[in-house]
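Here is a quick walk through a few spots worth a look. Keep the structure open beside the text as you read.

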Amino acid sequence: MSTTNHPTHTATAAAAAPGTRSTAISATGLRKSYGDKVVLDGIDLRIPEGTIFALLGPNGAGKTTTVEILSTLITADGGEARIAGHDVKSDAGSVRTLIGVTGQFAAVDGLLTAEENLLLMADLYHLSRSEGRRRTAELLERFDLTEAARKNVATFSGGMRRKLDLAMTLVGRPRIIFLDEPTTGLDPRSRRDMWELIRDLVTEQGVTIFLTTQYLEEADHLADRIAVLDHGKLVAEGTAEELKRLIPGGHVRVRFADETHLATAAAVFGIATRDDEALALQIPSDGSVTNLRAILDALDGTGVQAESLTVHTPDLDDVFLTLTGRQNAPTVPAPSTATTTQKESTR
Ligand SMILES: Nc1ncnc2c1ncn2[C@@H]1O[C@H](COP(=O)(O)OP(=O)(O)OP(=O)(O)O)[C@@H](O)[C@H]1O
């Protein structure tokens with residue numbers, strides 16, 4: 001897709017101070033309280049250009065508040081945040097020309113068709129009539145909405161509305177896109193479609209994505225880096241692999257035909273946990289091929305045959321549970337009315 005016709009963004013990005021040129025989003029000591037309630041308690045972030053960053057946290061952790069501050073919708077009580085080098089408070093106008101924000105159906109008008117919604121957005125971005133039509137057609141095609149283009153959005157499925165909402169955000173060709181829970185409530189297929197669209201934006205156009213999610217799988221799948229937000233503080237940050245390494249729990253489970261075989265194997269693997277009932281041994285392992293080979297070689301050495309072997313590597317659910325002491329990842333979370341109302345004022 002062409003990225004011409006967008007002088008504002010290119011010029012503004014190039015104007016960023018040299019030291020911050022490769023940093024799309026940064027924050028230092030961000031704080032926000034509502035009355036007595038501390039929502040953000042000193043958040044530090046540094047997100048390089050052209051990457052996907054996921055802010056992961058349970059309901060009420062402060063994810064939307066973070067997005068609202070970074071996208072200039074509300075101001076922080078303390079700390080500093082910059083978008084491509086521009087201060088979100090003192091230079092909010094420049095920040096707004098660089099970013100796109102997609103909340104929960106924030107901008108979509110259900111009484112209009114998909115095409116009308118996109119054309120309206122093109123008007124808001126002062127695109128000429130012909131450029132607006134061209135961009136609308138291009139986005140409808142890209143998001144597989146061409147057939148539904150002339151239908152009222154009220155008839156759309158949740159997945160189609162989300163796609164249209166993202167398409168509307170892209171009319172202005174933002175270089176930095178905030179996606180607040182982009183797949184909450186979507187079925188698995190629509191969620192995967194959305195993931196593909198998000199990833200394509202980064203690989204094809206080099207945009208930077210800041211997404212919030214409650215889904216560990218989503219962060220694992222999409223993000224270059226993940227931060228876990230809990231009670232207004234970042235409790236961990238890293239790649240999915242780094243976060244998974246933070247916690248123990250990786251193991252190989254080997255099942256045997258009878259107790260004699262189990263006892264022989266157990267004598268070899270001193271640190272293994274024995275499950276007599278299931279005739280199984282649980283052997284600590286990082287799941288690497290080298291480690292698996294060593295386990296199998298040691299078993300071969302005993303002359304004992306294993307009936308089955310399964311590898312368990314910790315997933316982000318385990319990480320979340322370890323870091324926050326709570327299970328996460330609801331299957332169909334209900335959208336909160338309060339945050340939806342705030343999100344409606346995003347544009
Ligand atoms: N305008 C407001 N006035 C008072 N409290 C607020 C306001 N906005 C947010 N909060 C509170 O701040 C906390 C964090 O809210 P926020 O919406 O940022 O969390 P979240 O992590 O996005 O959660 P969710 O996943 O439910 O959207 C919540 O306890 C919420 O009730």
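Ala-84 counts as buried, because it has 27 C-beta neighbours inside 10 Å and 20 or more is enough for that label. Bear in mind that this is a predicted model. You'll find Ala-84 in the loop between β4 and β5 (86–87). Its backbone is a bit of a curiosity: phi is near 45°, a positive value in a residue other than glycine.

Thr-72 tells a similar kind of story. Its phi is near 70°, again positive without being a glycine, and it sits in the loop between α2 (63–70) and β4 (78–83). Thr-72 is buried too, with 21 other C-beta atoms within 10 Å.

Now over to a strand. Phe-210 belongs to β8 (residues 208–213), and with 26 other C-beta atoms within 10 Å it is buried as well. Who does it touch? Setting aside neighbours within four places in sequence, Phe-210 is in contact with Ile-25, Ile-47, Phe-53, Leu-70 and Phe-178. Thr-23 is 187 residues away from Phe-210 along the chain, yet their C-alpha atoms are separated by 13 Å.

Here are those three buried residues side by side:

| Residue | Where it sits | C-beta atoms within 10 Å |
|---|---|---|
| Ala-84 | loop between β4 and β5 | 27 other C-beta atoms |
| Thr-72 | loop between α2 and β4 | 21 other C-beta atoms |
| Phe-210 | strand β8 | 26 other C-beta atoms |

On to the helices. In α10 (residues 259–268), the buried residues are His-261, Leu-262 and Ala-265. Looking down the axis of α10, these fall within an arc of 100°, so they line one face of the helix. The spacing fits a general rule: an α-helix has 3.6 residues a turn, so residues three or four places apart point the same way. What do the buried residues of α10 pack against? Their partners are β11 (251–256), β13 (280–284) and α11 (289–302). On the face turned away from that buried side, α10 carries the exposed residues Glu-259, Thr-260 and Ala-267.

Last up is a helix pair. The axes of α6 (residues 158–170) and α7 (residues 188–205) come within 10 Å and cross at roughly 15°, which means α6 is roughly parallel to α7. The crossing is right-handed. On the α6 side, Gly-158, Gly-159, Arg-162, Lys-163 and Leu-166 do the meeting, and they meet Ser-190, Asp-193, Met-194 and Leu-197 of α7. It's an even mix, with three nonpolar, three polar and three charged residues in the contact of α6 with α7.

Technical notes. Residues are numbered from 1 along each chain as its sequence is written. This is a predicted model: local features need pLDDT of at least 70, side-chain atom pairs count only at pLDDT 80 or more; totals for chains, interfaces and linings use all residues. A residue is buried if 20 or more other C-beta atoms lie within 10 Å of its own, exposed if 12 or fewer, and partly exposed in between; C-beta atoms are placed from the backbone. Helices (H or I, at least four residues) and strands (E, at least two) are DSSP runs, numbered from the N terminus. The arc is that of the directions from the helix axis to the C-beta atoms. Two residues are in contact if their C-beta atoms, placed from the backbone, lie within 7 Å. Axes are lines fitted to C-alpha atoms, for helices over the stretch in contact, and angles run from 0 to 180 degrees between N-to-C directions. Angles under 35 degrees count as roughly parallel, over 145 as roughly antiparallel, 65 to 115 as roughly perpendicular and the rest as oblique. A crossing is left-handed if the near helix is turned anticlockwise from the far one by less than a right angle, and right-handed if clockwise. Ala, Val, Leu, Ile, Met, Phe, Trp, Tyr, Cys and Pro count as nonpolar, Asp, Glu, Lys and Arg as charged, and the others, Gly among them, as polar.
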